[in-house]
Each structure stands twice: as structure tokens, then as C-alpha cells.
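The following exercises concern a single structure and are each followed by a worked solution. Please attempt each task before reading on.

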Amino acid sequence: RDTEEVLINREIFDHVRDLISKHSSDCWWNMSVEELLPQEILSRNGLGNSSDYRKGSDIIDIWFDSGTSWASVLSDDKVADVYLEGLDQFRGWFQSSLLTSVAYRGKAPFKKLVVHGFAVDEEGHKMAKSVGNVVDPGQIINGHSKATGIPYGLDVLRLWVANSGLQTKVAIGTNILDIHQEELFQLRKMLRHLLGSLRGFDVNILQTNYSDLLPQDQYLLSLLYSYGTQVTSMYEEYRFGRVLTLLQKFLSDLSKVYITISKDRLYCDSVQSPGHRSSLFVLYHTLEVLTKSIAPILPSLAEEVYKFHPQKKTSPLFHTLWYHLNPNWNNPDIEKLMSTAFTIRDKMNEVLVSEPPGNYDAIVIAKSRLYSELKKLQDAETSMDSPLCEILQTASTTLKSSQSGEVTADDKDIVIHGSHSDTQTEFTAILTKAGGSKCNRCRRNTAQSNELCQRCYDVLLQNSQLSP
Ligand SMILES: [Zn+2]
């Protein structure tokens with residue numbers, strides 16, 4: 001009391017330590033000086049009377065508590081892969097952890113630091129209860145979405161967190177959460193479509209050789225390869241927001257470019273046909289890569305998908321390995337080849353606006369370089385099921401070289417001119433009202449009369465012969 005000197009020695013220290021382990025740290029405040037500092041210890045050490053002393057009321061810096069958490073969390077000499085905290089912690093927790101660990105163990109307690117920003121409202125203002133712009137966690141759990149009226153739930157919140165990335169300010173509010181909820185719906189819809197298409201999946205399809213796949217299927221695998229590779233490297237850099245951008249882009253390509261064109265083959269071709277099996281092969285791998293790629297951000301959804309996996313996986317997804325991408329799938333040549341057909345399709349759709357190309361038979365006349373490329377997508381001069389016809393989505397497609405003579409268009413025909421930028425080659429497409437009538441089964445204008453097209457007739461006949 002008189003000298004303000006600090007009293008510390010081994011025996012007193014051990015005594016207080018024993019009291020704390022027995023009565024918790026509150027005992028420092030509950031117990032008297034006499035209890036904390038027994039007279040017998042003082043006398044033994046020649047330190048006077050306990051009435052000469054007062055309890056210290058300073059607290060140890062909390063940065064020391066949190067800064068030494070590595071000592072409890074990391075056993076032996078281990079170093080954490082990542083410390084993650086707000087970006088204000090460089091002078092706080094990151095520093096106190098670094099200093100204590102370097103002092104005691106001669107090395108940093110972490111390999112990497114990942115920082116996140118601070119949540120602000122949708123206008124970028126700091127959140128405060130007094131302002132009333134705080135997002136209520138109950139709203140996220142129990143629902144208050146303006147658009148749908150159903151709870152956002154865990155997945156929407158996780159999407160928001162992942163999307164906020166490493167920006168310094170992270171806006172949150174119902175408008176932003178509604179956007180993520182819509183993204184989640186789109187993703188669920190796609191996953192459900194994939195699961196539905198793969199119902200009753202024949203595992204022998206997985207033995208299909210890459211070279212036997214249709215060009216448009218090889219194209220999807222090439223996109224899948226590029227998506228999967230980039231996602232892995234973005235995860236390695238903790239760029240979760242970038243993963244979601246890649247996911248949106250891939251979902252859009254998958255839906256607009258692939259699912260649209262392959263539907264007829266998937267739904268209406270014979271289940272034994274090479275084209276149908278080729279599509280299932282790529283959809284199987286797409287489901288696998290897509291599900292695992294979202295698992296770190298949306299674990300519940302990914303696990304839910306896995307429960308319905310076509311191969312009836314018994315082990316939980318998180319007991320399996322990361323996806324495997326076959327390097328053969330990476331195929332820039334097929335991407336180039338497909339770009340030729342996409343150029344014609346895009347130009348056609350631009351002219352037709354919202355009218356389905358399926359109402360027309362198309363004649364495509366191309367100059368030599370483009371013609372020889374397109375020939376790889378359609379061998380016969382006229383086809384209703386070539387890869388080229390599937391991409392253009394017309395009732396039938398006729399492919400001609402510009403050297404094979406003039407083609408005259410009727411007054412009622414739509415004539416489209418364009419050029420392919422890569423090969424600098426011009427083409428003309430003539431669209432004539434489809435000559436066939438609508439098939440009752442596949443709804444394509446490919447039937448001779450009002451009944452079935454030849455393909456559908458053959459499939460039904462085959463099915464009736466197979467069934468008892
Ligand atoms: Zn049909």
C-alpha cells in the first residue's frame with residue numbers, strides 16, 4: 001500500500017494459480033486480500049502482513065489473451081494455414097499473435113492472413129441500432145424477403161459472405177440478399193435438372209471414349225475443364241467472390257448454350273443411341289464438378305445433391321476427394337470449331353428475334369474455309385440431327401459450299417448475310433418455312449404428316465419391342 005511496489009514470487013504465483021483453477025478467475029474479485037495472500041506465505045518469505053497489500057485492479061491486455069491463442073489451438077510446433085479477421089487487425093490480433101509466437105517459438109503462428117471488410121448498409125453507411133439500418137439476423141433466419149416472402153436461410157447468407165470477398169466495405173440489406181436468393185434458386189434449378197436427367201443413369205456410360213462424344217458435348221467438357229481449373233485456383237487464393245462469378249458464367253453457358261440445344265436429344269432420342277449416351281456422359285461429369293465446386297461455399301446444398309447422386313453414393317460428399325478434370329477435356333480446337341456454328345446461330349437469332357428457328361429449314365452457304373469447318377459438324381448435305389442442325393435449332397439444315405453454284409431464295413424466305421470473324425469468311429443463310437409438320441412427340445417440324453417424325457416413330461417402335 002505504501003510503496004506501490006508489485007509483489008510477485010513463485011510461491012504466491014502458484015498459490016493464486018491454484019485458487020483460479022479451483023474457483024475460476026472471478027475469485028480475484030470475490031476473495032479478500034487475506035485469502036489471496038495467506039499470512040503464512042508472507043511470513044515464510046519475510047514479506048510483512050497482508051494488510052500491507054492491496055489487490056491490483058488492472059486487467060491484462062486482451063490482445064495478450066487472443067494473441068496467445070495459438071498456444072492453445074496449435075499443438076506442438078504447428079503453424080496455422082490461415083488466420084482470418086477484419087482488416088483492422090494488422091495492428092491488433094495479427095500483430096499480437098505474431099509478436100508472442102516469434103518471442104516464444106521463434107516463428108509466426110500463421111502461414112497466410114486473410115482479411116475481410118466491414119458490413120455497411122446498402123447505401124454504404126455504417127450500421128447502427130440508433131439509425132435503424134442494422135440487418136436483423138432473425139430476418140435472415142425466419143424470412144422477410146420482399147421478393148419471395150420465404151426465409152433467406154443459411155445458403156443465402158453464405159453466398160453473401162463469399163461474394164463480399166476482400167472488399168473493405170461489405171454492403172448488406174434485403175435488396176442484396178434478394179439477389180443472392182435468386183442466384184441460389186437458379187443454381188438449385190440447374191442441379192435439379194441435372195439430377196432429373198441422370199435418373200436411372202447407366203454406369204457403363206462412364207466408359208465412353210472421349211473421341212466418341214459429339215462435338216457439342218466435347219465443347220461442354222472443354223468449358224467444364226476451364227471452369228473447374230479456374231475455380232480450384234481461385235479457392236487456393238481465397239477469392240470466393242471470383243468463384244461465384246465463374247459459377248454464374250458457367251451456369252449461363254450451360255443453360256443457354258448446352259441445355260437448350262441438347263434437350264431434344266436427351267428427351268426424345270432412344271436411350272441406347274450414341275447421341276443420348278454422349279450427352280449423359282457430359283451431364284454426369286458436369287453434376288460432379290458443379291456440386292463439388294460449390295461445396296466449400298454451400299455445403300448443405302452440395303450434400304443434399306449428393307444424396308440423390310445417380311451412382312447412389314453412400315459416403316457423404318465431404319468424405320470424397322476434390323473433382324478430377326481429365327486434361328483431354330481441355331480442347332481449344334473444339335471451342336474454335338463451335339464458334340463457327342455459333343456465329344451463324346447468333347446472326348440467325350438476331351434476325352428472328354423471338355421466333356423459334358425450329359419453324360424453318362435452313363440452307364447455309366459458306367465460303368471455302370468456313371465451309372470446311374462446318375463440314376466437321378455436318379457430314380451429309382441435309383440433316384435433321386447433325387451437330388450443326390442441333391446448334392442452329394432449325395427443323396433441318398442444308399450445308400452448301402459457295403462454289404457449288406447459286407442458290408436462289410424465294411420471296412418469302414429470310415436471307416441472312418454474315419461473316420465469321422476468326423476465319424474472315426462470309427456466309428449466307430436462307431430460312432424457308434419448315435416443310436415438315438409438327439411431330440406429336442418431339443414437337444419439332446420434322447414429321448411427314450400430323451403424326452410422328454421418323455425418329456420418334458423408330459424410338460417408340462423400339463421401346464414397344466423391348467417392353468414385354
Ligand atoms: Zn418427333
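Is His-285 buried or exposed? The solution is given under Exercise 1.

The model is predicted, so that local features require pLDDT of at least 70 and side-chain atom pairs count only at pLDDT 80 or more, whereas totals for chains, interfaces and linings use all residues. Residues are numbered from 1 along each chain as its sequence is written, and side-chain values use heavy atoms, with hydrogens and water left out.

**Exercise 1. Classify His-285 by its accessibility and list its contacts.**

Step 1. Locate the residue: His-285 belongs to helix 13, residues 274-294. Helices are DSSP runs of H or I with at least four residues, strands are runs of E with at least two, and both are numbered from the N terminus.

Step 2. Apply the cut-offs: buried means under 20% relative accessible area, exposed over 50%, and partly exposed in between, with a 1.4 Å probe and protein chains only. His-285 has a relative accessible area of 18% and is therefore buried.

Step 3. Identify the contacts, meaning heavy atoms within 4.5 Å. When neighbours within four places in sequence are left aside, His-285 touches Leu-206, Leu-221, Leu-224 and Trp-329.

**Exercise 2. Describe the coordination of the zinc ion and its geometry.**

Step 1. Find the donors, which are N, O and S atoms within 2.8 Å of the metal (3.2 Å for Na, K and Ca); water is not among the atoms, so sites may look incomplete. The SG atoms of Cys-439, Cys-442, Cys-453 and Cys-456 coordinate the zinc ion at 2.2 to 2.3 Å.

Step 2. Read the spacing along the chain: the donors follow C-x2-C-x10-C-x2-C. Cys-439 and Cys-453, 14 residues apart, are both in the loop between strand 9 (425-433) and helix 18 (454-466). Both of these cysteines, Cys-439 and Cys-453, are buried.

Step 3. Test the angles. Four donors count as tetrahedral if all angles lie between 85 and 135 degrees; four count as square planar and six as octahedral if opposite donors are over 155 degrees apart and all others between 65 and 115; anything else is irregular. Here the four donor atoms subtend angles of 103 to 113 degrees, and the arrangement is therefore tetrahedral.

**Exercise 3. Locate the salt bridges of Glu-304, Glu-350 and Lys-400.**

Step 1. Fix the criterion: a salt bridge is a side-chain nitrogen of Lys or Arg within 4 Å of a carboxyl oxygen of Asp or Glu. The whole structure contains 23 salt bridges.

Step 2. Glu-304 pairs with Arg-188, with the closest N and O atoms 3.1 Å apart. This pair links distant parts of the chain, since Glu-304 is in helix 14 (residues 299-307) and Arg-188 in helix 10 (residues 174-197), 116 residues apart. Glu-304 is partly exposed at 31% relative accessibility, and Arg-188 is partly exposed at 35%.

Step 3. Glu-350 and Lys-347 form a salt bridge with an N to O distance of 3.8 Å. Both residues lie in helix 15 (residues 332-352), three residues apart, or about one turn of the helix. Glu-350 is exposed at 55%, while Lys-347 is partly exposed at 27%.

Step 4. Lys-400 and Glu-381 form a salt bridge at 3.6 Å, N to O. Lys-400 is in strand 7 and Glu-381 in the loop between helix 16 (368-375) and strand 6 (382-383), 19 residues apart. Glu-381 is partly exposed at 46% relative accessibility.

**Exercise 4. State where the residues Glu-4 and Gln-393, which have positive phi, are placed.**

Step 1. Recall the background: most residues other than glycine have a negative phi.

Step 2. Glu-4, which is not a glycine, has a positive phi of about 60 degrees. Glu-4 lies in the segment before helix 1 and is exposed at 54% relative accessibility.

Step 3. Gln-393 has a positive phi near 65 degrees. Gln-393 is placed in the loop between helix 17 (387-392) and strand 7 (396-401) and is partly exposed, with a relative accessible area of 30%.
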